Amino acid sequence: MARQKTGNSNLTKRDLEVMTILWSGEGPKTASLIVKDNPELTMNTVQAVLRKLLKDKLIKVADIVYSGTVLTRSYEPVISQEKFWIQKLVADYQEISNKVSKADIVAALLDTSKNTEKIKDDISEIDDILGSYKEKYL
């Protein structure tokens, strides 16, 4: 299975599927609830993924709860979905930074939208960010 580099860890498609379920905002989840949310995942796969995500410190044990009559762990993400993807984007950029400029990437990202109002809002937000960096570094 192909691995995608993310910060200090490599996440597979299955890892990302489990993280997406945990990011769903419905509170901590047990392995059985994760399988219920995505029946394509098996209990063995989910348990293996949860062990890996715990080891990588992307999730934590939120609580020990009853699942039927059995005590089981419930898990929650340690990192928000937005922060995770930003860290991944930064790590990916660092690998290609000597080939593509930040300005070219920003221009390409702005070109992905056809909505002129959204582009104007994005430019305004970028201007604000650049202003704070100018104050800090120039």
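A residue is called buried when its relative accessible area is under 20%, exposed when that area is over 50%, and partly exposed in between. The views below come from a predicted model.

**View 1. W85 and its ring partner F84.** With a relative accessible area of 35%, W85 falls between the two limits and is therefore partly exposed, whereas F84, at 3%, is buried. The ring centres of F84 and W85 are 5.0 Å apart and their planes stand at 85°, and because planes over 60 degrees apart count as edge-to-face, this pair is described as edge-to-face.

**View 2. W23 and F84, a tilted aromatic pair.** Three aromatic pairs are found when the whole structure is searched, and in one of them W23 meets F84 with 5.2 Å from centre to centre and 50° between the planes, which makes the pair tilted. W23 sits in the loop between α1 (13-22) and α2 (31-37), while F84 belongs to helix α4 (residues 81-96), so the pair ties together parts that lie 61 residues apart in sequence. W23 has a relative accessible area of 13% and is therefore buried.

**View 3. The aromatic cluster.** Taken together, W23, F84 and W85 form one aromatic cluster, in which W23 is buried and F84 is buried, but W85 is partly exposed.

**View 4. A patch of negative charge.** On the surface, D121, E125, D127 and D128 gather in a patch of negative charge. One of these residues, D128, lies in helix α6 (residues 116-137), and its relative accessible area of 57% is over the 50% limit, so D128 counts as exposed.

Conventions:
Residues numbered from 1 in each chain as written. Predicted model: local features only at pLDDT ≥ 70, side-chain atom pairs only at ≥ 80, totals over all residues. Heavy atoms only, no water. Phe/Tyr/Trp six-rings, centres within 6.5 Å; stacked < 30°, edge-to-face > 60°. Helix = DSSP H or I, 4+ residues; strand = E, 2+ residues; numbered from the N terminus. Buried < 20%, exposed > 50% of the residue type's maximum accessible area, 1.4 Å probe, protein only. Patch = residues over 30% accessible without salt bridge, like charges linked within 9 Å, V, L, I, M, F, W, Y side chains within 5 Å. Areas by Shrake-Rupley, 256 points an atom, 1.4 Å probe, with all protein chains shown as cover. Salt bridge = Lys/Arg side-chain N within 4 Å of Asp/Glu carboxyl O. Lys, Arg positive; Asp, Glu negative; His and termini not counted. Charge placed at Lys NZ, Arg CZ, Asp CG, Glu CD.
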